[in-house]
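Thanks for sharing this one. Here are a few notes to read alongside the coordinates, in the order I would go through them.

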Amino acid sequence: MRVYFDNAATTALDPEVLKEMYKVMENQFGNPSSIHAHGREVRTLIERSRKTVANLLHTSPAEIFFTSGGTEADNTAIRCGIIDHKLTHAITTKLEHHAVIHTLQSMEKSGIIKLSYVDVDCKGNVDYNHLETLLKDNERSFVSLMHANNELGTITDIERVGDLCEAYNAIFHSDTVQTVGHYLHDLQKLKVHFMVCAAHKLHGPKGVGFLHVNHKVKINPMIYGGAQERNMRGGTENVYGIAGLAKALELAYTEMGAHQTYIQDLKSYMMAKMIQEIPGVAFNGETDPAKSLYTVLNTSFPEMDMADMLLFNLDIAGISASGGSACSSGSDIGSHVLTAIGASADRPSVRFSFSKYNTKDEVDFTVAKLKELCMVSA
C-alpha cells in the first residue's frame, strides 16, 4: 500500500480540474494580451475565472490578481504593502511560513523596517493582548499573521486581528494558503487588506495562485514587464493554471461541508488510534477542532534511537508524510515552528495532513507501521 499523508505540502489534482485544464489547453491557445479573436477568447476565460474566485470570496473581481502561487503573493503583499505605504514597523510571529518570515527579516536586515514578534503559547496560539500592545506602541504597523499554521494546524482568529488592525490603523496581511478552499472567507466582512491562495493546496494545479488586494490599499507591481493583471503583474498569464484554480475553488466550495466533516473524522480517528497503540505519543499545536485546521495533525513521538530516520523509514514502508523536530542548536536545521513553541528537540515529530482522498484503512496501515517503528527504536 502507498499512503499519501502530506496534503499540506501539496494535493492531488482533482480529475474535474484536469478536465477543465485540458479543455483549455486543447482549444484556447491565444495570448490574452492580443487584440485578435484568439486572444480575446482567452482574455474572456481569464476574466470569467477571476469573477468565479471573487464571487466565492464575496469581493470584487478588481481585487483579485493572479500570481504564480502563494510565495509570490506573500512577497508582493509584504514588500509592496510596506514600501508603497512608507511603513517602518511590522508585526508577525516566529511561526510564519518562510515566504513571510524570511521576507520580513530581509526587509529588517536592509533597514526598511523594525520587526516585532507577537508572543505565542506552547500550542501556537497568538497572544492578542500582546498584539494590541505592539499596535498601540507602533503607529501604522504592517501586520502579517497566517490564518492556520502549516505545521501545527493552529488557527488564528483573523476576524479579531482584523478588528485590532482597524482600531490602530494598521495594514493587515494574512497568509491564507492552508485555509482558502477549506473555510469560508467573506471579504465583505473580513477586515483584511491582503490575503493569498495557492491552487495546489486545494486539488488545483501547481504554479498558480492569487493575491487579494483590498480596494482601500493601493500598491505598485512587484513584477514589471507588461500590462497584465491590470498593470499589477507583468508576464503572460498562466491561462491553464488560472482555469484550474477557478475550477478547484468552485469544487472546494461546493463540497466544503461534506469534506470538512469527513476529514475531521479521519483526523480524530487517527489521533484515537495513536493514543491507543503508541505509548507516550502526544500532539503539537491545538487539537480542539474549533481551533485547529482539520487537515493537519502534528504528532510528537517518544524519544527513540535513530529519530532522524523516522520519516525515511515511513517512506520505505510506503507512507509519505513530513516533519522533523525542534532545533537543538543554532546550527541545527530543524523546524523553526516547533522550536518557537518550545517543543522538545529530543522527540521526533511528524506532520500528517489529510485530504478527501484519504481513508481509515490508510490510517490503520500507518498507525500499525508507526507502532512497529516505535517498538524497534525503543
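1. Let's start with Val161. In this predicted model, the residues that valine 161 touches, leaving aside those up to four places away in sequence, are Tyr128, Leu131, Val143, Leu145, Thr156 and Phe172.

2. Where does that residue belong? Val161 is among the residues with the most contacts inside the largest nonpolar core, together with Val53, Phe66, Leu131, Val143, Phe172 and Phe210. This core has 46 residues. At least two of its residues come from each of α1 (15-27), α2 (37-57), β2 (64-67), α5 (128-137), α6 (158-167), β7 (194-198) and α8 (239-277). Helix α8 gives the largest share, 10 residues.

3. You will also find another core, of 32 residues, lying apart from that one. Its members include Leu297, Leu314, Leu370 and Cys374.

4. Now the sheet. It is open and mixed in its pairing, with seven strands in the order β2-β8-β7-β6-β5-β3-β4. Why do β2 and β4 (114-117) each have a side without a neighbour in the sheet? Both stand at the edges and have a single partner strand each, so one side is left free of a neighbour. From one strand to the next, the twist averages 20°.

5. A closer look at one pair: β3 (residues 89-92) and β5 (residues 142-144) run in the parallel sense, paired over two bridges. Here isoleucine 91 is opposite valine 143 of β5, and Val143 is also one of the contacts of Val161.

6. Finally, helix α4 (residues 98-109) packs on the sheet and touches β3, β4, β5 and β6 (171-174). The direction of α4 makes about 140° with that of β4.

Definitions and conventions:
Residues numbered from 1 in each chain as written. Predicted model: local features only at pLDDT ≥ 70, side-chain atom pairs only at ≥ 80, totals over all residues. Heavy atoms only, no water. Core = buried A, V, L, I, M, F, W, Y, C linked by side-chain atoms within 4.5 Å. Buried < 20%, exposed > 50% of the residue type's maximum accessible area, 1.4 Å probe, protein only. Helix = DSSP H or I, 4+ residues; strand = E, 2+ residues; numbered from the N terminus. Contact = heavy atoms within 4.5 Å. Pairing = 2+ DSSP bridges. Axes fitted to C-alpha atoms, helices over the stretch in contact; angles between N-to-C directions.
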